[in-house]
Amino acid sequence: MYIRSNKNKGGINMKVIKKDGRLQEFRIRKIILSLERASDEARKSINESDSENISRMIMSEIRKLAVDKIESNKLKEIIIKCLKELGFTAIAEVYSKGSKK
């Protein structure tokens, strides 16, 4: 399902440390696109409101860390935790298996 949302409202100025050591700008939209693919694979649709709630929770959890860099595996843990807390367990399971890049 396509989720149209997420202007990076109250965006986070942070870098993600990729597995290979590269730094990449944090972009909530990139996460939402990954979650769209996971929801399709899980055959569980999420609507725009769900997307906004997920985004808000992820960004809130990241802000609590008060860091300017985060490792991609830690970010993934936060995303999975948020999905489960919001009741998107099937999507969390698919997302956790995700890309092995």
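Helices (H or I, at least four residues) and strands (E, at least two) are DSSP runs here, numbered from the N terminus. The model is predicted: local features need pLDDT of at least 70, side-chain atom pairs count only at pLDDT 80 or more, and totals for chains, interfaces and linings use all residues. Residues are numbered from 1 along each chain as its sequence is written, and side-chain values use heavy atoms, with hydrogens and water left out.

**Stop 1: the whole chain**

Show the protein chain as a cartoon. It has four helices and three strands. Trace the sequence and the order reads β-β-α-α-β-α-α.

Now switch on the surface. The accessible area of the protein chain is about 6,400 Å², and carbon and sulfur atoms hold 49% of that. Such areas come from the Shrake-Rupley method with a 1.4 Å probe; for residues, only the protein chains shown count as cover.

Colour by burial next. Buried means under 20% relative accessible area, exposed over 50%, and partly exposed in between (1.4 Å probe, protein chains only). Of the 101 residues in the protein chain, 39% are buried.

Then look at contacts, meaning heavy atoms within 4.5 Å. Take those in the protein chain between residues at least 6 apart in sequence: 65% join residues at least 24 apart.

**Stop 2: helix 4**

Select residues 89-97, which form helix 4. Which of its residues are buried? They are Ile91, Ala92, Val94 and Tyr95. Look down the axis of helix 4: its buried residues fall within an arc of 165°, so they line one face of the helix. The arc is that of the directions from the helix axis to the C-beta atoms.

Add helix 1 (28-42) and helix 3 (72-85) to the view. Both are among the elements that cover the buried residues of helix 4.

**Stop 3: glutamate 61 and its partners**

Move to helix 2, residues 48-65, and select glutamate 61. Is this residue buried or exposed? Glutamate 61 is buried, at a relative accessible area of 17%.

Show its surroundings. Neighbours within four places in sequence aside, glutamate 61 contacts Ile78, Lys81 and Cys82. For a backbone distance, pick leucine 75, 14 residues away along the chain: its C-alpha atom is 9.6 Å from that of glutamate 61.

Now display charged side chains. A salt bridge is a side-chain nitrogen of Lys or Arg within 4 Å of a carboxyl oxygen of Asp or Glu. The count by this rule is six.

Start with lysine 64. Its salt bridge to glutamate 61 has closest N and O atoms 3.1 Å apart. The two residues are three apart in helix 2, so about one helical turn separates them. Lysine 64 is exposed, with 59% relative accessibility.

Lysine 81 comes next. Its side chain meets that of glutamate 61 in a salt bridge of 3.2 Å, N to O. Lysine 81 lies in helix 3 and glutamate 61 in helix 2, so this pair ties together parts that are 20 residues apart in sequence. At 37% relative accessibility, lysine 81 is partly exposed.

Add Glu85 to the selection. Glu61, Lys64, Lys81 and Glu85 are linked in a network of salt bridges.

**Stop 4: aspartate 50**

Stay in helix 2 and select aspartate 50. Which side chain of opposite charge is nearest? It is arginine 56, 9.3 Å away; aspartate 50 is buried yet has no salt bridge. For charge, Lys and Arg count as positive and Asp and Glu as negative; His and the chain ends are not counted. Residues up to four places away in sequence aside, aspartate 50 touches Ser45 and Phe88.

**Stop 5: aspartate 20 and arginine 22**

Select this pair. A salt bridge joins aspartate 20 to arginine 22, with the closest N and O atoms 2.7 Å apart. Aspartate 20 is exposed, at 54% relative accessible area. Arginine 22 is partly exposed, at 46%.

**Stop 6: two positive phi angles**

Finish in the loops. Most residues other than glycine have a negative phi.

Pick arginine 43, in the loop between helix 1 and helix 2. Its phi is near 55°, a positive value in a residue other than glycine. Arginine 43 is exposed, with a relative accessible area of 76%.

Then pick alanine 66, in the loop between helix 2 and strand 3 (69-71). What is its phi? The value is near 50°, also positive in a residue other than glycine. Alanine 66 is exposed, at 68% relative accessibility.
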